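Me: I've just opened this one and I'm new to it. Could you walk me through it with a few questions and answers?

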Amino acid sequence: MNGKVATLALVLLSAGSVMANESVYIDIGRDKCKTIAEEEGMYVLMTCPGHADYPVRFKEADIRQSVSFGHLNQRYADDAFESFIPFNHTGTTVEWRIAKGGTPVATILRWFIENTDASGASVPALQGQVLVVSKVAQKGDGKGCVAGYVDALANPDPNALARKIADEVAPTFRCGIDKASYHGTRGDKAAEPNSQLPE
């Protein structure tokens, strides 16, 4: 009987590993992106290479950045801007979570938060790091948005936690309806998000 239970457990574990999403890493350094619109020192809109035919849309305004992924409809492409309240910038390596069949369902991107001291000056010692998990917009829906946050400095294995959110939360996350939140421990360097999505 114990042997049968052990065999069943191995089968279930094997099935789980087959069904798990895979990661693909893609660099979205600005030198790889194409500028769509720009107002010097004020605003820039770029498209960057993504996974397969899923593009990346990069925006920056007022020293705050926003990144969206996939086949956005026109309203989301034009009006969505999800960032943080303090000044910030993103890393350039995107982790795409790819479901069985090859469809990217979520991304993970590291944000650097320029927290300030009492005088209002950005201080390197106060800089925060947040892993932002985003839902990838699909052609049939057109909506891509942030689905969750992980404080990369306050959790022992933030990447694993971000992948869990990417696989379990992001695919069914309803942009414009559900509210993205922090998962795990949130420290004092993980800033408050600022999300603007079309109604």
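Reply: Sure, here are some questions and answers about strands, disulfides and rings, and keep in mind that this is a predicted model.

Me: Let's start with strand E9. Why is strand E9 largely enclosed by the rest of the structure?

Reply: Strand E9 covers residues 104-113. To count as buried, a residue needs under 20% relative accessible area. Strand E9 is largely enclosed because the buried residues number 9 of the 10.

Me: How many bridges does E9 make with strand E10?

Reply: Strand E10 spans residues 128-135, and its pairing with E9 is antiparallel. One bridge puts Leu109 together with Val132 in E10. The count of bridges for E9 and E10 is 8.

Me: And which residue of E9 is the bridge partner of Thr90?

Reply: Look at strand E7, residues 88-90, which pairs with E9 in the antiparallel sense. Those two strands share 3 bridges. For Thr90, the partner in E9 is Trp111.

Me: Which residue takes a positive phi in the hairpin of E8 and E9?

Reply: Strand E8 (residues 93-98) runs antiparallel to E9, with 4 bridges joining them. Ile98 sits opposite Pro104 of E9, and the hairpin has 5 residues between its strands. The residue with a positive phi, near 105°, is Gly101.

Me: On to the cysteines. How many disulfides does the whole structure have?

Reply: One disulfide links Cys33 and Cys48, with an S to S distance of 2.1 Å. Another is formed by Cys145 and Cys175, whose sulfur atoms are also 2.1 Å apart. Counting bonded cysteines along the chain, the pattern reads 1-2, 3-4. A search of the whole structure gives a total of 2.

Me: Is the link of Cys33 and Cys48 right-handed or left-handed, and how far apart in sequence are the parts that the pair ties together?

Reply: The angle about the S-S bond is 105°, and the link of Cys33 and Cys48 is right-handed. Cys33 belongs to the loop between strand E1 (22-27) and strand E2 (34-39), while Cys48 is in strand E3 (residues 43-51), so the tied parts are separated in sequence by 15 residues.

Me: Same thing for Cys145 and Cys175: which hand, and how far apart in sequence are the parts?

Reply: Both Cys145 and Cys175 are buried. With -90° about the S-S bond, their link is left-handed. Cys145 is in strand E11 (residues 145-151) and Cys175 is in the loop between helix H3 (158-168) and strand E12 (182-183), so the separation in sequence of the parts they tie is 30 residues.

Me: Now the rings. Which residues form the aromatic cluster?

Reply: The structure has 4 aromatic pairs. One cluster includes Trp111, which we met as the bridge partner of Thr90. The full cluster is Phe84, Trp111, Tyr149 and Tyr182.

Me: Which ring does Arg30 lie over?

Reply: Arg30 is placed over the face of an aromatic ring. The distance to the ring centre is 3.9 Å, and the ring belongs to Phe58.

Me: Last one: which strands are the edges of the open sheet?

Reply: The sheet has 4 strands in the order E2-E3-E4-E5, paired antiparallel. Each edge strand pairs on one side only, which gives E2 and strand E5 (64-69).

Me: And how many bridges join E4 to E5?

Reply: Strand E4 (residues 54-61) runs antiparallel to E5. Val56 has Phe69 as its bridge partner in E5. The number of bridges joining E4 to E5 is 6.

Note on methods:
Residues are numbered from 1 along each chain as its sequence is written. This is a predicted model: local features need pLDDT of at least 70, side-chain atom pairs count only at pLDDT 80 or more; totals for chains, interfaces and linings use all residues. Side-chain values use heavy atoms; hydrogens and water are left out. Buried means under 20% relative accessible area, exposed over 50%, partly exposed in between (1.4 Å probe, protein chains only). Two strands pair if DSSP finds at least two bridges between them. A disulfide is a pair of cysteine sulfur atoms within 2.5 Å. Rings of Phe, Tyr and Trp (its six-membered ring) pair if their centres lie within 6.5 Å; planes under 30 degrees apart count as stacked, over 60 as edge-to-face and the rest as tilted. A charge sits over a ring if NZ of Lys or CZ of Arg is within 6 Å of the ring centre and within 35 degrees of the ring normal.
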